[in-house]
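I opened this entry to record what I looked up in the structure, going from one polar contact outward to the sheet, the core and the chain as a whole.

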Amino acid sequence: MKKVAVLGFVAALVAGCSSTPVTPGTAKAVSASRVYDASYFNGSAERSATIKVTRDKGFAGGGCSFDILIDDQKVVALKPSESASMHVVPGSYFLKLEAGGGLCQNVSTFQNVTIAAGDELVYRILWPAGGRPTMERK
């Protein structure tokens, strides 16, 4: 009986360290103080493609922001439950997630993406239990 209680406690603890998705429409807009290149937030005829990144909510990583970089240029820093829609010229990009500083370990992950005019790529930043923060395409 004691082992079952300990296993239950450990399972609850590990589950509490993971993040949970933010439902559509409930994500908060990122604060203007953490927008590093505002040109990505203005759509135009030339910037007709969109890359949307939403960060999960939860305790894991709550003490730090995650930076989103496009072609190695820092665009925005997201905190839990925040979302950013960045407008780009159709083409290929190097999309990168960086975390570090504050209470977080230094972590970096990236993806090469190609986006066409009028398309929207949607990404979720999550922190799985016992893992490292990652960015996955929806």
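Before the first entry I fix a term: a polar contact is a pair of N or O atoms within 3.5 Å, of which, within protein, one must be able to donate a hydrogen and the other to accept it. I also keep in mind that the model I am reading is predicted.

**Entry 1, Thr54.** I looked up Thr54, which lies in strand E2, and found that its side chain makes a polar contact with the side chain of Ser83 at 2.9 Å. Is Thr54 buried or exposed? I noted a relative accessible area of 11% for Thr54, and because buried means under 20%, Thr54 counts as buried. Leaving out residues up to four places away in sequence, I listed what Thr54 touches: Val22, Ala27, Glu82, Ser83, Tyr123, Arg124 and Ile125.

**Entry 2, the open sheet.** I then traced an open sheet of five strands, whose order is E1-E5-E2-E8-E9 and whose pairing is mixed. Strand E1 (28-29) and strand E9 (134-137) stand at its edges, and each has a single partner strand, so one side of each is left without a neighbour in the sheet. For E1 I checked the pairing with E5, which runs in the parallel sense over two bridges, and I saw that Lys28 stands opposite Glu82 in E5. Glu82 had already come up among the residues that Thr54 touches.

**Entry 3, the nonpolar core.** Which members of the largest nonpolar core touch the most other members? I found them to be Ile68 and Met86, in a core of 28 residues. The elements that give two or more residues to this core are strands E2 (49-55), E3 (66-70), E4 (73-78), E5 (82-88), E6 (91-101), E7 (104-115) and E8 (120-126). For Met86 I set aside the neighbours within four places in sequence and wrote down the contacts that remain, namely Tyr40, Phe41, Ala49, Thr50, Ile51, Val53, Ile68, Ile70, Val75 and Val76. As background I added that in soluble globular proteins nonpolar side chains tend to be buried together.

**Entry 4, the whole chain.** Last, I noted that the chain has one helix and nine strands, and that from the N terminus on the helix is followed by the strands. Of the 138 residues, 37% count as buried, while the chain exposes about 7,600 Å², with carbon and sulfur atoms supplying 57% of it. Among contacts between residues at least 6 apart in sequence, 67% join residues at least 24 apart.

Note on methods
Residues are numbered from 1 along each chain as its sequence is written. This is a predicted model: local features need pLDDT of at least 70, side-chain atom pairs count only at pLDDT 80 or more; totals for chains, interfaces and linings use all residues. Side-chain values use heavy atoms; hydrogens and water are left out. A nonpolar core is a set of buried Ala, Val, Leu, Ile, Met, Phe, Trp, Tyr and Cys residues joined through side-chain atoms within 4.5 Å. Buried means under 20% relative accessible area, exposed over 50%, partly exposed in between (1.4 Å probe, protein chains only). Helices (H or I, at least four residues) and strands (E, at least two) are DSSP runs, numbered from the N terminus. Contact means heavy atoms within 4.5 Å. Two strands pair if DSSP finds at least two bridges between them. Accessible areas come from the Shrake-Rupley method with a 1.4 Å probe; for residues, only the protein chains shown count as cover.
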